[in-house]
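Please open the structure in your viewer and set the side chains to be shown as sticks, so that individual residues can be picked out one after another. The tour below suggests what to select at each stop.

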Amino acid sequence: MVDRDFDAIVVGAGFAGMYLLYRFRKMGLRAKAFEMGSDVGGTWYWNRYPGARCDIESMQYSYQFDPELEQEWEWTERYAPQPEILNYARHVAERHDLRRDIQFDTKVTAAHFDDDAEDWLVTTDDGRQTRAPFLVLAVGCLSSFNMPKIEGIDDFQGNSYHTGQWPHEGVDFTGQRVAVIGTGSSAIQSIPIIAQQAEELTVFQRTPNFSIPAHNRPQDPEYVRHVKENYPKIRAEAKTILSGVLWDYGNRKAVETPEEEIRRELEERWQRGGLAFLGGFTDTMLDERANQYAADFVREKIREIVKDPETAEKLSPKNIIGGKRLCVDTDYYATFNLPHVHLVDVSEKPVEKIVANGVQQDGKVYEVDSIVYATGFDAMTGSYMRIDIRGANGLELKEKWEAGPRTYLGLTVAGFPNMFMVTGPGSPSVLTNMLPSIEQHVEWITDAIRYVREHGKHRIEAEQQAEDAWVDHVNEVANKSLRAKVKSWYVGANIPGKPTVFMPYIGGLPAYIAKCEQVVANDYEGFKVA
Ligand code: N01
C-alpha cells in the first residue's frame, strides 16, 4: 500500500527533523517523519553512555526559533548532560505537538525518485511505502555508529556496548573488569565515570587525543539572566563567527606574539576550560608553528597531571591539536593515576581479536567482564549510505559518492531533484554549533520549497556545474587548514576503505550563510527550477 497524503517526507526526528516538521506545518504543508528510535532527540536519544554531555555551552546549544521557549527553558549546568538535552527535545516535541507527524521505530530502507510522477517513493522497514514530492534527509552527521571489524567480536561471553547505542536502562559496572576500546570524545567523557564504578578498567588506545578540561559547573543565575535578556543580540553575533559559537576570540597571530604572552593566554583559556582553548590566536589551525604552541602546552599539562611518566607519554598526542575534533573532559587524564586504571597502547600492535573472556593484544589476553566500544561513527555520509537512495534516471547516491560526497552547499545533490539534506557533507555542520546550523538549513530548505510552490513549479535540482564549483571551493578552503592533514573522521580516515575527502565546509558559518543568501537573492542561482 502506498500512502500519498504528504507534501514532504522527513527522515529523522532529531533536532533537524523536529524543526522541519514545525516549519512545514506553519507553511500549511503536510509532512511526515520516519524515525528509527522510539522517541525524538536523534544523537541525544542514542548516545546515553555515562558522562555524555554537550561540549558547546548549553546557553548556546539550543533552538532560537521559539523565543518563549528560549526564555522558559532552564539549563542546569554549563554543559548540559545528555538526559537534560533529551528532555529538552521531548519538551519541544510536546510544546509543538510534533509527535503526531512522526512514525517512530521505523527505518527508511529506500528512497527512489520516480521520473514519471516526479515525486519520491520512500520504503520503510514496516513494509509500507509513502510518496511525496519533497524528501528531506535529516539523518545526522554522527548517527551511523562504527563497530570495528575485529575478529571474534561475537565470541565474547561478557557484555558488549557501543557508546553510540547505549542501553536505555543504563549500565552499572560496579565490581566489573571493563575494557574500553577507543579514546575519542565519547571515551574521554565516559572513562572517568566508568573508572569510578569498575573494579578494573583497561583502555585500549590507538591514537591519543588532546582534551581540555570542561570546568563544568551549575549555571550561574546572573549569567543566565544576562544571556536571556540579550538572546537576539547574542544569537546574531554568534552567526558572525566561524564556528557559530560566541566566545572571546583573540585577533593576534601566535607566531607574532612573545612566548610568555602566548603561555599566559593559553593558561587563561585552560583555566576557563572548553573548546575556546583554541580561539586565542588566529593562526592556530593554519600555521604548524602556531599550532605547536598550543599542542606543547597541552602535552605539558598532561605530564603535570599524569604521575607515571610512561603513561603520560602514551597519552600525549603527537599530531596537530584540533586536527581531530578537540575533546573536552572532566578528570580524563587524572583518571590514569588511579591504580585500577590501565592504558594499553595499540598504535603499533592492534587489538588482535576478541576472545570469549576478553581482549587479545600482542599475544596477551586481558580478561574482562564487559567491553565498551567507543569507536565512533561512519561520519557525515554513513547515514545516507545505509539507505538505498536513487535520484533521477535511477542514479544511485552510493555510486555518485563513490569517490567521496559531492553536494551543492551540503544541501542538495545534482541528479537528485527535490531532495534536501540538513547539515550534509559540504556544509559547515560539525565544525560549528550544530543547533544554529540546523536551523539555518531548515529555514533555507523550507523557504526553497515555498519558492518552488509559489512560482507554480514542482521541481528544484542543483545544476552539475554549481555542484562542481562548490565541491572545488570546499576542497580549496580545506587544503589551507591544518585539519585536512590529519587522519580523522572529518576525512573518513576512521572507516577502512572510505575515500579520503575533507567532508565538512571549513570556510566558516558567516561565509556559508552569505553564500546561501546570495543563491536565494539571485533566484536560486545554481538550481534548475521547473
Ligand atoms: O568517536 P571518535 P567518538 N581499535 O571517532 C578508536 C562527537 N561527540 O564517538 O583515532 C582501536 O572520535 C579511534 O582510534 P583512531 C564529536 O564531534 C561529541 O568518540 O581512529 N581503536 C578513536 O580513538 C566527536 O569527535 C560529544 O586511531 C579504534 C575512537 O575509537 C564525534 O562525536 C561527545 C578502533 C573513536 O573516536 C565522535 O566521537 C561525544 C580499533 N579497531 C562525541 N576503531 C560532545 O558534544 C576505532 N578506534 C561532547
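Begin by selecting Arg 252, which is partly exposed, with a relative accessible area of 29%; keep in mind throughout that this is a predicted model. Now add Glu 265, which counts as buried at 16% relative accessibility. These two residues form a salt bridge, in which the closest N and O atoms are 3.3 Å apart. Arg 252 sits in the loop between helix H7 (231-238) and helix H8 (259-272), while Glu 265 belongs to helix H8, so the pair ties together parts that are 13 residues apart in sequence.

Widen the selection to Asp 248, Glu 261, Glu 268, Arg 269 and Arg 272, and you will see residues that are linked with Arg 252 and Glu 265 in a network of salt bridges.

Move next to Glu 288 and Lys 485, whose side chains meet in a salt bridge with an N to O distance of 3.7 Å. This pair links distant parts of the chain, 197 residues apart, with Glu 288 in helix H9 (residues 288-305) and Lys 485 in the loop between helix H15 (464-480) and helix H16 (509-521). Glu 288 is partly exposed at 45% relative accessible area, whereas Lys 485 is exposed at 57%.

For the last stop, select Arg 25 and Asp 101, which are joined by a salt bridge of 2.7 Å, N to O. Arg 25 lies in helix H1 (residues 15-26) and Asp 101 in the loop between helix H4 (82-95) and strand S4 (102-103), so the salt bridge ties together parts that are 76 residues apart in sequence. Here Arg 25 counts as partly exposed, at 26% relative accessibility, and Asp 101 counts as buried, at 18%.

Definitions and conventions:
Residues are numbered from 1 along each chain as its sequence is written. This is a predicted model: local features need pLDDT of at least 70, side-chain atom pairs count only at pLDDT 80 or more; totals for chains, interfaces and linings use all residues. Side-chain values use heavy atoms; hydrogens and water are left out. A salt bridge is a side-chain nitrogen of Lys or Arg within 4 Å of a carboxyl oxygen of Asp or Glu. Helices (H or I, at least four residues) and strands (E, at least two) are DSSP runs, numbered from the N terminus. Buried means under 20% relative accessible area, exposed over 50%, partly exposed in between (1.4 Å probe, protein chains only).
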